[in-house]
Amino acid sequence: MAASPTAANMLPDALRMTLEAAQSQVNALVLGKAHEVRLAFVALLAGGHLLIEDLPGLGKTTLARAMATTLGLDFQRVQFTSDLLPADVVGVSVFDPQARSFQFHSGPVFAQVLLADEINRAPPRTQSALLEAMAEHQVTVDGTTHMLPDPFFVIATQNPADLAGTYPLPDSQLDRFLLRLALGYPGEAAERDLLAGVDRRDLIAQTLPLLGAADVRAARRAVSEIHASEALITYVQALLARSRKQPGVRVGLSPRAGLALLRAARAYALLLGRSHVLPEDVQALFGVVAAHRLVADAQAGSDASLAKSILHAVPVD
C-alpha cells in the first residue's frame, strides 16, 4: 500500500516554507501570541472569519494589520459606531446624470481583509449588512448582486467589558465566525519588548508581503485535501450530540458547527505539517469553534466552560 501523502507534498515546497515564514513574521509583530496567530491562520486557510473578543489595547488591530500586510492582501478598517449605516459598509448606488443611470460605488467590504472594529457598537441593521457578505461572499444592492474578492476574510473585534450602548451579535451572526478567540495580556518578556521596541505601526508599515491572493487560494485547496477518517468524524458527531443534551445548554451545536470544526481541524493539521486530522486537533480547536455557538441557560456559567465540559464528557475511542 502506498504511503499517504504528507501535508508538505500537498503544498509546493516554496509555499509551505512561505506559510511558515508568514506565521513567523506575524509573530514578530504580535509578540507572545504564537497560538493565537496560528488560530488566525487557521480561520483564514479554512475559509472562515475571525471574531476577537478582548479589552482595548491588547493587539487586536495590530494582528489584523499584520495578517493583511504579510499576506499581501487589500485591507480596510471600519470603525463600527451607533450611527454607521449599511451603505457605509457595502456601498451605495449614485445617480450619474451624464450616463443617466445609477453607478455602484463599492464600500470597504470589498477589501480582501476587512477589520470590523467594535462590531457590536453598530445597530443590528448595519451588523446584518455583513451577514450576506460573510456567508455568501457577495452583497446585493438595489437588486444587483456584486461578488466579493477571493479571498475575503473578516476580522471583527468587540470589547466584552464595556457593553453600554452596544448591540449584542445575534446567534445567526455569531455562527458566521469560524473562530472566536481572545488575545489576553502579553507575558512579561513580550510586554517588555513591546515597551522598549519600535512602535508596531511603524514596523507593520516597513513589513513586506510574503504571500499573495493566489497563494492563499492554493493553501485553501490543500486544506480541503487533508484527510479526516471515519473514526474522527464519529468523534465530532459525538461532540455535537453531547452538546444537545449537556446540562446548562439550551441550544446545542448544529451540523454547520460540525462542518466548521472539521474545516478548522484540517487547516490546523496542515499548519502542523500533517496530511490527516487527529483527535488532538479537534480538541485544540473545540473551544474556539464551539463556545460562541452554544446558547446557555441563564445560570449555566460561561459558554467557554460549557464547551470544556462537553469536550471532557466525550471520550476518544
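Q: Where is Arg220 found?
A: Arg220 is found in helix α10, which covers residues 213-224. Keep in mind that this is a predicted model.

Q: Is Arg220 buried or exposed?
A: Look at the relative accessible area. Buried means under 20%. Arg220 has 14% relative accessibility, so it counts as buried.

Q: Which residues is Arg220 in contact with, leaving aside its neighbours within four places in sequence?
A: Arg220 is in contact with Leu44, Leu45 and Gly47. Asp150, Pro151 and Phe152 are on its list too.

Q: What separates the C-alpha atoms of Arg220 and Arg266?
A: Read two separations here, one along the chain and one in space. Along the chain, Arg220 and Arg266 are 46 residues apart. In space, their C-alpha atoms are separated by 10.0 Å.

Q: Now the sheet. What order do its five strands have?
A: Read across the sheet, strand by strand. The order is β2-β5-β8-β1-β9, the sheet is open, and the pairing is parallel. The edge strands are β2 (75-79) and β9, and each of them pairs on one side only. From one strand to the next, the twist averages 15 degrees.

Q: Which helix packs on the sheet?
A: Helix α3, residues 34-45, packs on it and touches β1, β8 and β9. The direction of α3 makes about 160 degrees with that of β9.

Q: How many bridges join β1 to β8?
A: Count the bridges for each pair of strands. Four join β1 (residues 50-53) to β8 (residues 153-158), and these strands run parallel. Leu51 has Ala156 in β8 as its bridge partner.

Q: How many bridges do β1 and β9 pair over?
A: Three, in the parallel sense, with β9 spanning residues 179-181. Ile52 stands opposite Leu181 in β9.

Q: And how many bridges do β5 and β8 pair over?
A: Four, again in the parallel sense, with β5 at residues 113-117. Val113 has Phe153 in β8 as its bridge partner.

Q: Back to single residues. Where is the place of Gln127?
A: Gln127 sits in helix α6, residues 124-136.

Q: Why is Gln127 called buried?
A: Use the cut-off again: under 20% is buried. Gln127 is buried because its relative accessible area is 1%.

Q: Which backbone oxygen does the side chain of Gln127 reach at 2.9 Å?
A: That of Tyr167. A polar atom of the Gln127 side chain also lies 3.4 Å from the backbone oxygen of Ile119.

Q: Which residues does Gln127 touch, not counting those up to four places away in sequence?
A: Among them are Ile119, Asn120 and Ala122. The list also includes Tyr167, Pro168, Leu169 and Gln173.

Conventions. Residues numbered from 1 in each chain as written. Predicted model: local features only at pLDDT ≥ 70, side-chain atom pairs only at ≥ 80, totals over all residues. Heavy atoms only, no water. Pairing = 2+ DSSP bridges. Helix = DSSP H or I, 4+ residues; strand = E, 2+ residues; numbered from the N terminus. Buried < 20%, exposed > 50% of the residue type's maximum accessible area, 1.4 Å probe, protein only. Polar contact = N/O pair within 3.5 Å; in protein donor to acceptor, adjacent residues only side chain to side chain. Contact = heavy atoms within 4.5 Å. Axes fitted to C-alpha atoms, helices over the stretch in contact; angles between N-to-C directions.
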